[in-house]
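The exercises below ask you to work from the chain and its coordinates, and each task is followed by a solution in steps.

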Amino acid sequence: MNTRTLVLLSLFVGIGAVLHAVIPGFFFGMKPDMMLTMMFLGMMLFPNKTAVSLLAIATGIISGVTTSFPGGFIPNVVDKIVTATLCFGLLMLFKTKVTPVKAALLTAIGTFISGATFLAVALAVVGLPGGATFGGLFVAVVIPTAFVNTIAMVVIYPIVQSLMRRTYTVPQQ
């Protein structure tokens, strides 16, 4: 993996961290996870095992540190690793160029996987706050987050793809 790839992945993680930190928790401390959008974007632009592994670990740690969910560090780390692994597998199934529609679909599926994993791990490790149920939190937080992340990807992916094409068409010497 070259330095340019690491810098771009770091930039995506950084943007995701800022979004994750500034979006307030709205339902029992849970907040929409915009870091997922950036993680999926990095996965689609650099679909290799090393990049995806680094992206998952970095995203999980930073997401865990900036979470407002009580005891949410471990669930965040586990959920990002599981989500990245499963979504990378789905991405490899496409075997063709990622289009904006495929990007949106992967983002929606990935957000559902992430939310379900987060809630399951949180339930097992620290419990859900305020007597909330898995289903209640899934409906109140995960489904709206999937919608927001999918819309964000529909807007962001074509722009970043266009910028990448313009920036990296000339081979570097």
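**Exercise 1.** For residues 106-128 of this predicted model, determine how much of the span is helix and how far apart its end C-alpha atoms are.

*Solution.* Assigning the secondary structure over residues 106-128 gives 87% helix and 0% strand, and the distance between the end C-alpha atoms comes to 27 Å. The span is among those that UniProt, in an unreviewed entry, places under the feature "transmembrane region". Another of the spans listed there is 51-71, for which the corresponding values are 71% helix, 0% strand and 28 Å.

**Exercise 2.** Classify the aromatic pair of Phe69 and Phe118, and state which parts of the chain the pair ties together.

*Solution.* The ring centres are 5.1 Å apart and the planes enclose 75 degrees; because planes over 60 degrees apart count as edge-to-face, the pair is edge-to-face. Phe69 lies in the loop between α3 and α4 whereas Phe118 belongs to helix α5, so the pair ties together parts that are 49 residues apart in sequence. With the cut-off for buried set at under 20% relative accessible area, Phe69 counts as buried at 4%, and Phe118 counts as buried at 8%.

**Exercise 3.** Repeat the classification for Phe112 and Phe138.

*Solution.* Here the centres are 5.9 Å apart with 25 degrees between the planes, which makes the pair stacked. Phe112 in helix α5 and Phe138 in helix α6 are 26 residues apart, and Phe112, at a relative accessible area of 34%, is partly exposed. Together with Phe134, these two residues form one aromatic cluster.

Notes. Residues are numbered from 1 along each chain as its sequence is written. This is a predicted model: local features need pLDDT of at least 70, side-chain atom pairs count only at pLDDT 80 or more; totals for chains, interfaces and linings use all residues. Side-chain values use heavy atoms; hydrogens and water are left out. UniProt positions are given in the numbering used here, feature names are shortened, and annotations may be inferred rather than shown by experiment. Helices (H or I, at least four residues) and strands (E, at least two) are DSSP runs, numbered from the N terminus. Rings of Phe, Tyr and Trp (its six-membered ring) pair if their centres lie within 6.5 Å; planes under 30 degrees apart count as stacked, over 60 as edge-to-face and the rest as tilted. Buried means under 20% relative accessible area, exposed over 50%, partly exposed in between (1.4 Å probe, protein chains only).
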